[in-house]
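Please walk through this protein chain with me, moving from its aromatic residues outward to the fold as a whole and then to a few individual positions.

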Amino acid sequence: AAESVVSGECNCGAVKYSMRGKPLNVLICHCQDCREAHGSPMSTVFVAKADQITLDGPIGEYDRRGQNKRDESTPLASTTRHSLLTVCPCVGAQTFCTTCGTPMASNLYKAGLMAFFVPSIRSGDVGPPKSHIYCNEKAPEVQLTDELPKFSKGPGSDRWTGA
């Protein structure tokens, strides 16, 4: 059987990625960072290992605490087909297109795992979400009424007990 491939891009098409194989997880994230990045009460993301991903284009990186973690020896604008360990070396950084500003991915938990935003997918399928995460930060107007597991923080944290 042929290996599954999912591909996506930013709004302007300058940044493109592909993922070989299946994602590790598909999640609905309610964290404040995702909400602000997307102007939405939640984001649906798929999580993949760095060695599953090929990323091309003018990518930028923004540390969520407002500090750019990249030094001058690693230029962003010329990044092409780097491993995501090189592209996004710090936990908590967002990767985005430097041309149109579209948020593309976030680093999760440790170097080597990335969460790509599902709306950026142009071909392929990652399947349905498996749980809600960061429910402790959800927008007050959001009512979680589905049967998916709900976690206060990331996967594996205590189950959320809020209303």
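**A cluster of rings and what surrounds it**

At 1% relative accessibility, Phe116 falls below the 20% limit and therefore counts as buried. The model is a predicted one, and Phe116 is a convenient place to enter it, since ring pairs join this residue with Tyr17 and Phe46 into a cluster.

A pair of aromatic rings is described by how far apart the centres are and by the angle between the planes. In this chain the count of aromatic pairs comes to 3. One of them is formed by Tyr17 and Phe116, whose ring centres are 4.5 Å apart and whose planes stand at 35°, so the pair is tilted. Tyr17 belongs to strand E2 (residues 16-20) and Phe116 to strand E9 (residues 113-117), so that this pair links distant parts of the chain, 99 residues apart. Both Tyr17 and Phe116 are buried.

The rings of Phe46 and Phe116 are arranged with their centres 5.7 Å apart and their planes at 20°, and because planes under 30 degrees apart count as stacked, this pair is stacked. Phe46 lies in strand E4 (residues 43-49) and Phe116 in strand E9, so the pair ties together parts that are 70 residues apart in sequence. Phe46 has a relative accessibility of 0% and therefore counts as buried.

In soluble globular proteins, nonpolar side chains tend to be buried together. Here the largest nonpolar core has 18 residues, and the residues with the most contacts inside this core are Val15, Tyr17, Met19, Phe46, Leu55, Phe116 and Val126. The elements that contribute two or more residues to this core are E2, E4, strand E5 (53-56), strand E8 (103-107) and E9. A second, separate core has 10 residues, among them Leu27, Ala115, Ile133 and Phe151. Returning to Tyr17, and leaving aside its neighbours within four places in sequence, this residue is in contact with residues that include Val6, Glu9, Phe46, Leu55, Met104, Phe116 and Ile121.

How many helices and strands does the protein chain have? The secondary structure comes to 2 helices and 11 strands, and, read along the sequence, the chain follows the pattern β-β-β-α-β-β-β-α-β-β-β-β-β. Of the contacts in the chain with a separation of 6 or more, 58% are between residues 24 or more positions apart. Buried residues make up 45% of the 163 residues, while the accessible surface of the chain comes to about 8,300 Å², of which 51% belongs to carbon and sulfur atoms.

Ser123, in strand E10 (residues 121-123), offers a view of another part of the chain. With a relative accessible area of 35%, Ser123 is partly exposed. Leaving aside its neighbours within four places in sequence, Ser123 is in contact with Val5, Val6 and Ser7, and a polar contact of 2.6 Å joins the side chains of Ser123 and Ser7. Ser123 and Glu9 are 114 residues apart in sequence, yet their C-alpha atoms are 9.8 Å apart in space.

The cysteines deserve a separate look. A disulfide is a covalent bond between the sulfur atoms of two cysteines. In this model the count comes to 0 disulfides. For Cys100, the nearest cysteine sulfur is that of Cys12, 3.8 Å away, and because a disulfide requires the two sulfur atoms to lie within 2.5 Å, Cys100 is in no disulfide. Cys100 is partly exposed, with a relative accessible area of 35%. Cys135 is likewise in no disulfide, the nearest cysteine sulfur being that of Cys29 at 8.9 Å, but Cys135 is buried, with a relative accessible area of 2%.

Most residues other than glycine have a negative phi. Tyr134, although not a glycine, has a positive phi of about 55°, and its place is in the segment after strand E11 (131-133). Ser157 also lies in the segment after E11 and is partly exposed at 21% relative accessibility. The C-alpha atoms of Ser157 and Tyr134 are separated by 9.3 Å, with their positions 23 residues apart along the chain. Leaving aside its neighbours within four places in sequence, Ser157 is in contact with Phe151 and Ser152, and Phe151 is one of the residues of the second core.

Terms used. Residues numbered from 1 in each chain as written. Predicted model: local features only at pLDDT ≥ 70, side-chain atom pairs only at ≥ 80, totals over all residues. Heavy atoms only, no water. Phe/Tyr/Trp six-rings, centres within 6.5 Å; stacked < 30°, edge-to-face > 60°. Helix = DSSP H or I, 4+ residues; strand = E, 2+ residues; numbered from the N terminus. Buried < 20%, exposed > 50% of the residue type's maximum accessible area, 1.4 Å probe, protein only. Contact = heavy atoms within 4.5 Å. Areas by Shrake-Rupley, 256 points an atom, 1.4 Å probe, with all protein chains shown as cover. Polar contact = N/O pair within 3.5 Å; in protein donor to acceptor, adjacent residues only side chain to side chain. Core = buried A, V, L, I, M, F, W, Y, C linked by side-chain atoms within 4.5 Å.
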